[in-house]
Amino acid sequence: MRSHRGLRALLAVAATACLAVGAAQGYAVVVVQPGDALGSIAQRYGIGVEALSEANGLGGNLIRPGDVLHVPLQESRGGLAEPAPAPPVGFRRHTLAAGETLSSVTSLYGITIAALVGANPDLSSLDRLPVGVELLIPPGEGLLVTLEYGMELMDLLAAYGADPIAVARANEIRSPFDLRPGMLLFLPGVEPTAALERLAAVRELENTYVWPLHGRLTSYFGRRNLGLGTSTFHRGLDIAAPTGSTIVAARSGTITFAGWSSQGYGNLVKIRHAGGAETWYAHASRILVRVGQGVSQGEPIALVGSTGISTGPHLHLEIHVAGRAIDPLGELR
Ligand SMILES: [Zn+2]
């Protein structure tokens, strides 16, 4: 069972509430999808069909995909028909503030990323959550699930290999009468394996290359004519900027080389990324990192220079995938 409708609703409420604050009119903006009817949208947001129709100046109940509807939030009791179920005892709530990351939140509460994911298994991303998203802070490691309608608690516990006594204690269940369909149940010690795997895959996709330096592009990837009928293959992208400008890691990874290259690169930094790709940063005036060090995307690694075979201060950037240099222009975001 991987459905956690309650949590999804909770996150949606947080997102909708933000929208309302931002828009200041107290509306959720809904784009009509194929298959949507006025009645189903009204039901989704816990508002009457007439009120929804009136709020949008609709003559009848006819709406088309792509139509934009404004759903008044005051009348919708917070945005959704399905109220967010309360988490079990010991959970706290944290609203993501500007500048915060999931890592900073876990440090703040002294919990692991796995624990945070276990309490919020429906997060869409580890790195790109918007400000205002509400997170549940768990009392410990475990997985928060919804007890679906028609599901037996014992089947649920067996599916996750959860300890019934620990679950009963964590959720203050003293009798079967304490169980309600749709309630959130905390399964202590159960690892959120599926959510962690999904989020790791998302992170990998998200972890694209950013510009390590901005400046003027003075030479592109590919064959370059040297005149007199000779040419050479330029394995990177040259970005010219003043000496001493900061070069940052295009993507997070581990430093595998930081020093003088005898092959014309001058002061060279190489970073190995998840999956085995590498980025090379050449001609630096100064190197700010050392071999073995982990760097985050955007972290300073060197200063622009003109060391090695170079005619002026610039960064020569190479991206290697499966041991072969590829055109950085196609990768940088
Ligand atoms: Zn170059």
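The following exercises, each with a worked solution, concern a predicted model of one protein chain.

**Exercise 1. Determine how many helices and strands the protein chain has, and what share of its residues is buried.**

Solution.
Step 1. The secondary structure of the protein chain consists of eight helices and 19 strands.
Step 2. Of the 333 residues, 27% are buried.
Step 3. Among contacts with a separation of 6 or more, 67% join residues 24 or more positions apart.

**Exercise 2. Identify where pLDDT stays under 50, and state how the coordinates there should be read.**

Solution.
Step 1. The average pLDDT of the protein chain is 84, and 86% of the residues score at least 70.
Step 2. One stretch with pLDDT under 50 covers residues 1-25, for which the model has 48 contacts beyond four places in sequence.
Step 3. Another covers residues 75-79, with 15 such contacts in the model.
Step 4. Predicted coordinates should not be read in detail where pLDDT is low.

**Exercise 3. For the open sheet that contains β11, β15 and β17, give the strand order and explain which strands stand at the edges.**

Solution.
Step 1. The three strands are arranged in the order β11-β17-β15, and their pairing is antiparallel.
Step 2. β11 (246-248) and β15 (286-287) each have a single partner strand, so these two stand at the edges and one side of each lacks a neighbour in the sheet.
Step 3. Two bridges link β15 to β17 (residues 300-303) in the antiparallel sense.
Step 4. At the level of residues, R286 has L303 of β17 as its bridge partner.

**Exercise 4. Describe the largest nonpolar core: which residues touch the most other members, and which strands supply it?**

Solution.
Step 1. This core has 23 residues, and those touching the most other members are I247, V269, Y281, A284, I301 and A302.
Step 2. At least two residues each are supplied by β10 (237-240), β13 (266-272), β14 (278-284), β17 and β18 (314-321).
Step 3. β14 gives the largest share, four residues.
Step 4. For V269, the contacts beyond four places in sequence are I255, F257, A258, Y281, A284, I287, V289, I301 and A302.
Step 5. Separate from this core is a second one of 20 residues, with V117, L147, L184 and V190 among them.

**Exercise 5. E172 and H283 both have a positive phi without being glycine; locate each and decide whether it is buried or exposed.**

Solution.
Step 1. As background, most residues other than glycine have a negative phi.
Step 2. The phi of E172 is about 50°, and that of H283 is about 70°.
Step 3. E172 is placed in the loop between α7 (164-170) and β6, whereas H283 belongs to strand β14.
Step 4. E172 has 10 other C-beta atoms within 10 Å and is therefore exposed, the cut-off being 12 or fewer.
Step 5. H283 has 26 such atoms within 10 Å and is therefore buried, the cut-off being 20 or more.

**Exercise 6. Locate E191, classify its exposure, and state how far its C-alpha atom is from that of L143.**

Solution.
Step 1. E191 sits in the loop that runs between β6 (184-188) and α8 (193-206).
Step 2. Because E191 has 17 C-beta neighbours inside 10 Å, E191 counts as partly exposed.
Step 3. Although E191 and L143 are 48 residues apart along the chain, 6.3 Å separates their C-alpha atoms.

Terms used: Residues are numbered from 1 along each chain as its sequence is written. This is a predicted model: local features need pLDDT of at least 70, side-chain atom pairs count only at pLDDT 80 or more; totals for chains, interfaces and linings use all residues. Two strands pair if DSSP finds at least two bridges between them. Two residues are in contact if their C-beta atoms, placed from the backbone, lie within 7 Å. pLDDT is the predictor's confidence in each residue, from 0 to 100. A nonpolar core is a set of buried Ala, Val, Leu, Ile, Met, Phe, Trp, Tyr and Cys residues joined through C-beta atoms within 7 Å.
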